[in-house]
Amino acid sequence: MIAPPNRGHLPVMRDEVIFALRPHAGARFIDATFGGGGHAALVLEQSFPDGRVLALDADPEARPRAEAIRASLENPDRLVLVQANFAEIAKVAEQLRFTQVDGVLFDLGLSSFQLDDPERGFAFRTDGPLDMRMNPGTHPTAAELIATIDELSLMQLLREYGEEPRARQIARAIVQEREKESIVSTAQFAALVEKAVGGRRGAKTHPATRTFQAVRIAVNQELDSIERGVRSAIDVLAPGGRLVTLAFHSLEDRLVKRIIQEESATCICPPEMPVCVCGVTPRLRRVGGSRKPTSAEIAHNPRARSAIMRIAERLPDAS
Ligand SMILES: C[S@@+](CC[C@H](N)C(=O)[O-])C[C@H]1O[C@@H](n2cnc3c(N)ncnc32)[C@H](O)[C@@H]1O
């Protein structure tokens with residue numbers, strides 16, 4: 001068994017991910033979102049004795065977790081972690097001569113280590129600084145963004161990234177509040193949003209859920225990174241290599257689905273064209289439809305409940 005028991009974060013849809021990636025001896029994989037290394041450790045275990053994993057994570061706090069896994073390997077060089085945004089996946093892979101790989105995994109969003117640490121500012125149930133950066137070396141923080149953005153842009157951001165129906169009310173309340181007092185803590189921000197929408201009104205989720213999602217996406221430019229990262233992951237896959245994604249909300253999933261659809265399209269000519277003239281060669285083949293975790297997994301790990309998994313396979317380049 002590789003790696004220390006990693007109780008901080010349970011790898012979501014672990015069996016399905018491993019089945020999709022098909023690790024075997026000698027294979028090489030990129031884990032674009034290392035987190036606690038749960039999936040990476042399984043891939044290393046299943047590709048014993050010489051399978052290799054290049055792992056990326058924007059968060060420097062992933063480093064000690066990678067070191068713990070490396071220390072449990074007979075050959076620690078089987079795992080390399082680079083602190084990088086996965087938007088740069090092709091650049092990192094080329095620098096480390098880790099191209100033509102057998103699989104790339106994107107397990108999007110946040111790890112439990114990040115969500116459960118109040119100091120990272122992602123959670124509204126515990127109080128902490130309003131930060132929300134995956135990489136604390138970047139700017140702005142959530143507090144900085146909220147302090148400077150104009151009301152219209154804030155409303156648009158809440159609509160676009162949070163799909164928040166009460167974006168106008170919330171944006172107004174934030175701007176009014178910051179004129180009186182700086183908004184610097186997660187509890188303060190959550191309470192302000194809750195008040196702006198008139199309380200909980202019996203809703204199952206906290207009224208600030210969508211606002212927190214929107215601000216987090218903006219702070220980390222998450223959708224742009226997914227677009228760039230997933231597209232360039234296709235460049236580093238060998239023919240037959242697998243792209244496996246786990247998304248946790250509809251914006252992420254819609255984006256991944258669109259990329260896979262576009263990259264699998266065999267023809268993009270308008271329907272009225274009698275014959276194909278576009279010359280498009282697909283780079284991917286979709287493998288089945290979307291998959292969801294079992295109810296048993298959700299019962300064991302409620303954070304898996306919104307997961308949507310997609311698989312695609314790299315096609316050979318046109319000759
Ligand atoms: C859901 S966790 C991954 C968990 C991991 N699969 C495991 O089993 O432990 C997502 C991780 O991806 C990282 N991440 C999210 N967006 C990123 C990006 N654009 N570039 C690099 N890392 C990113 C986060 O910092 C987080 O550690």
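**Exercise 1. Contacts along the chain**

Among contacts between residues at least 6 apart in sequence, what percentage join residues at least 24 apart?

*Solution.* Keep in mind that you're working with a predicted model. Start with the contacts in the protein whose partners sit at least 6 apart in sequence, then pick out those with partners at least 24 apart: that gives 71%.

**Exercise 2. Overall build**

Work out how the protein's radius of gyration stacks up against the globule rule.

*Solution.* Begin with the parts list: 13 helices and seven strands. Next, for 319 residues the globule rule gives 20 Å, and the radius of gyration is 21 Å, close to that, so the protein is as compact as a globular protein of that length. For the extents, the C-alpha trace covers about 60 × 60 × 40 Å along the principal axes.

**Exercise 3. Surface and charge**

Describe what is buried, what is exposed and where the charges average out.

*Solution.* First, burial: 51% of the 319 residues are buried. Then the surface: the protein exposes about 15,400 Å², and 52% of that comes from carbon and sulfur atoms. Finally, take the mean position of the 41 positive charges and that of the 42 negative ones; the two points lie 4 Å apart.

**Exercise 4. Finding the cores**

Locate the largest nonpolar core and say which helix supplies the largest share of it.

*Solution.* As background, nonpolar side chains tend to be buried together in soluble globular proteins. Here, the largest nonpolar core holds 34 residues, and those with the most contacts inside it are L130, I146, L154, L158, I174, F189 and V215. Now look at who contributes: helix 6 (142-148), helix 7 (151-162), helix 8 (167-180), helix 9 (186-196) and helix 10 (209-220) each bring at least two residues. Helix 8 has the largest share of this core, with six residues. Apart from this core there's another, of 32 residues, including I30, V92, L223 and I260.

Zoom in on I174: once neighbours within four places in sequence are set aside, I174 is in contact with I146, L154, I183, F189 and L192.

**Exercise 5. A closer look at Q169**

Is Q169 buried, partly exposed or exposed, and which residues does Q169 touch beyond its sequence neighbours?

*Solution.* Step one: place Q169 in helix 8. Step two: its relative accessibility is 38%, so Q169 counts as partly exposed, since buried means under 20% and exposed over 50%. Step three: ignoring residues up to four places away in sequence, Q169 touches A196 and V197. Step four: check the distance to A196, which is 27 residues away in sequence but 6.3 Å away in space, C-alpha to C-alpha.

Conventions. Residues are numbered from 1 along each chain as its sequence is written. This is a predicted model: local features need pLDDT of at least 70, side-chain atom pairs count only at pLDDT 80 or more; totals for chains, interfaces and linings use all residues. Side-chain values use heavy atoms; hydrogens and water are left out. Helices (H or I, at least four residues) and strands (E, at least two) are DSSP runs, numbered from the N terminus. The radius of gyration is taken over C-alpha atoms; the globule rule is 2.2 Å times the number of residues to the power 0.38. Buried means under 20% relative accessible area, exposed over 50%, partly exposed in between (1.4 Å probe, protein chains only). Contact means heavy atoms within 4.5 Å. Accessible areas come from the Shrake-Rupley method with a 1.4 Å probe; for residues, only the protein chains shown count as cover. Lys and Arg count as positive and Asp and Glu as negative; His and the chain ends are not counted. The place of a charge is taken as NZ of Lys, CZ of Arg, CG of Asp or CD of Glu. A nonpolar core is a set of buried Ala, Val, Leu, Ile, Met, Phe, Trp, Tyr and Cys residues joined through side-chain atoms within 4.5 Å.
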